[in-house]
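The following paragraphs offer a guided reading of one protein model. Please keep the sequence and the coordinates at hand while reading.

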Amino acid sequence: MEKTPIYDICTLTGNGADDILISRFAPYLAYHKNLSAAHRHSFYHLVLFTKGAGKHAIDFEEFPVKPYQVYFMTPGQVHSWSFEGFTDGYIINFSDTFFQPFLLNPVYAESFPFFRGDIKTSVIDLPLNHQKKVKSLFEEIIGEAGGNDASATDMIRLLMMQFFILVGRLSAPETPKGPASYNQILVRNFQKLIGENYTRLKLPKEYAEMLYITPNHLNAVCKDILRMSAGDVIRNRLLLEAKRLLTTQHLNINEIASVLNFTDNSYFTKFFKKAEGITPDAFRKQVLNINHHE
């Protein structure tokens, strides 16, 4: 069974550069034809479409391609696309350390909702009154990337931050001004802990203990902010990784169950089928068949 590759920036540039890759989308697409099938990135990835149609999928959720749609991806997410006709725009791939020489906050990108791995906030259709401004920013970025000025990289960082802030305002208009609430920070910390421990810790009480709160408090906060229970947040993360492994790794079902720390294959299959309505093997065949035909 073929496994879907994980790409790093160095592989895509072919010139040893591992921090940033900037390109117009059409030539990038023409050069990297193999990227249409499902693959993972080890870097942050954003695309602004200016022309084109078709579809793209992020972590198994599908979106129609539209002009002046921008999508954002975090390292580790699974992605595929299938375009109809000529497609163009801009693409920027950057490492998780790209902003470190420039900012005190080493996880700057994560401060924006669209770079937290939540699909609901990572695909944004730019309103008409912002399209010209955003296109201008990307043209400036392309210009800086093509030049040889010593300060070009810092200028690219500044332009990217300007873009992030502009889109951040669009993607979270309901967010009140000022610092995030205690509950929002709590949920973000809970999600981060899940990302680090989901194969080992599967019970809300284990995370509540790490957050120095009661399980009931954690559950109430999750229902208030995320509209789901703390247990569902944990299970959803585990399910997502199961899907990623079924698509991207050359592992059998028993090995995937072991990687995710299930006691046996039958328990893993029961967990997956309850959530998805099909067995892990059926899901794998379904996804591989889709990728093969596209």
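In this predicted model, Lys-285 counts as exposed, with a relative accessibility of 54%. Its side chain meets that of Asp-281 in a salt bridge, at 3.2 Å from N to O. Asp-281 is partly exposed, at 33% relative accessibility. Both residues belong to helix H11 (residues 280-293), where they are four residues apart, about one turn of the helix. Elsewhere, salt bridges with shared partners join Asp-59, Arg-237, Glu-241 and Arg-244 into one network.

How many salt bridges does the structure hold? The total is eleven. Side chains of opposite charge can pair when their charged atoms come close. One such bridge connects the side chains of Lys-55 and Glu-62, with an N to O distance of 3.9 Å; this pair falls within the 4 Å limit that defines a salt bridge. Lys-55 is partly exposed at 30% relative accessibility, whereas Glu-62 is exposed at 52%.

Another salt bridge is formed by Asp-125 and Lys-66, whose closest N and O atoms are 3.3 Å apart. This pair links distant parts of the chain: Asp-125 lies in strand E8 (residues 123-125) and Lys-66 in the loop between E5 and E6, with their positions 59 residues apart in the numbering. Asp-125 has a relative accessibility of 43% and counts as partly exposed; Lys-66 is likewise partly exposed, at 35%.

The backbone of two loops deserves attention next. Most residues other than glycine have a negative phi, and most peptide bonds are trans. Asp-59, a residue other than glycine, nevertheless has a positive phi, near 45°. It is placed in the loop between strand E4 (44-58) and strand E5 (61-64). Is this aspartate buried or exposed? With a relative accessibility of 7%, Asp-59 counts as buried, because the limit for a buried residue is under 20%. Asp-59 is also a member of the salt-bridge network with Arg-237, Glu-241 and Arg-244. Tyr-68 likewise is not a glycine and has a positive phi, about 60°. Its place is in the loop between E5 and strand E6 (69-73), and at a relative accessible area of 16% Tyr-68 is buried.

Two helices may be read by the faces they present. Helix H3 (residues 128-146) contains 19 residues and reaches 28 Å from its first C-alpha to its last, close to the 27 Å expected at 1.5 Å a residue. The buried residues in H3 include Gln-131, Val-134, Leu-137, Phe-138, Ile-141 and Ile-142. Viewed down the axis of H3, its buried residues fall within an arc of 140°, so they line one face of the helix. The face turned away from this buried side carries the exposed residues Asn-129 and Lys-132.

Helix H10 (residues 265-276) has twelve residues, which at 1.5 Å a residue should span 16 Å; the end C-alpha atoms are 16 Å apart, in agreement with that expectation. Which residues of H10 are buried? They are Phe-268, Phe-271 and Phe-272. Down the axis of H10, the buried residues fall within an arc of 90°, and therefore line one face of the helix. On the face of H10 turned away from the buried side are the exposed residues Ser-266, Lys-270 and Lys-274. Just after H10, Gly-277 takes a positive phi of about 85°.

Aromatic side chains provide a further theme. A search of the whole structure finds 35 aromatic pairs. One of them is formed by Phe-112 and Phe-114, with 5.4 Å from centre to centre and 15° between the planes, and it is stacked. The pair is classed in this way because planes under 30 degrees apart count as stacked. Both members are buried: Phe-112 has a relative accessibility of 9%, and Phe-114 has a relative accessible area of 1%.

The final stop is at the surface. Phe-102, Met-155 and Leu-158 form a nonpolar patch there, with about 240 Å² of accessible area together. Of these residues, Met-155 is found in helix H4 (residues 152-171). Met-155 is partly exposed, with a relative accessible area of 34%; its value therefore satisfies the patch requirement of over 30% relative accessible area.

Technical notes. Residues numbered from 1 in each chain as written. Predicted model: local features only at pLDDT ≥ 70, side-chain atom pairs only at ≥ 80, totals over all residues. Heavy atoms only, no water. Patch = residues over 30% accessible without salt bridge, like charges linked within 9 Å, V, L, I, M, F, W, Y side chains within 5 Å. Areas by Shrake-Rupley, 256 points an atom, 1.4 Å probe, with all protein chains shown as cover. Buried < 20%, exposed > 50% of the residue type's maximum accessible area, 1.4 Å probe, protein only. Expected span 1.5 Å × (residues − 1). Arc of directions from axis to C-beta. Phe/Tyr/Trp six-rings, centres within 6.5 Å; stacked < 30°, edge-to-face > 60°.
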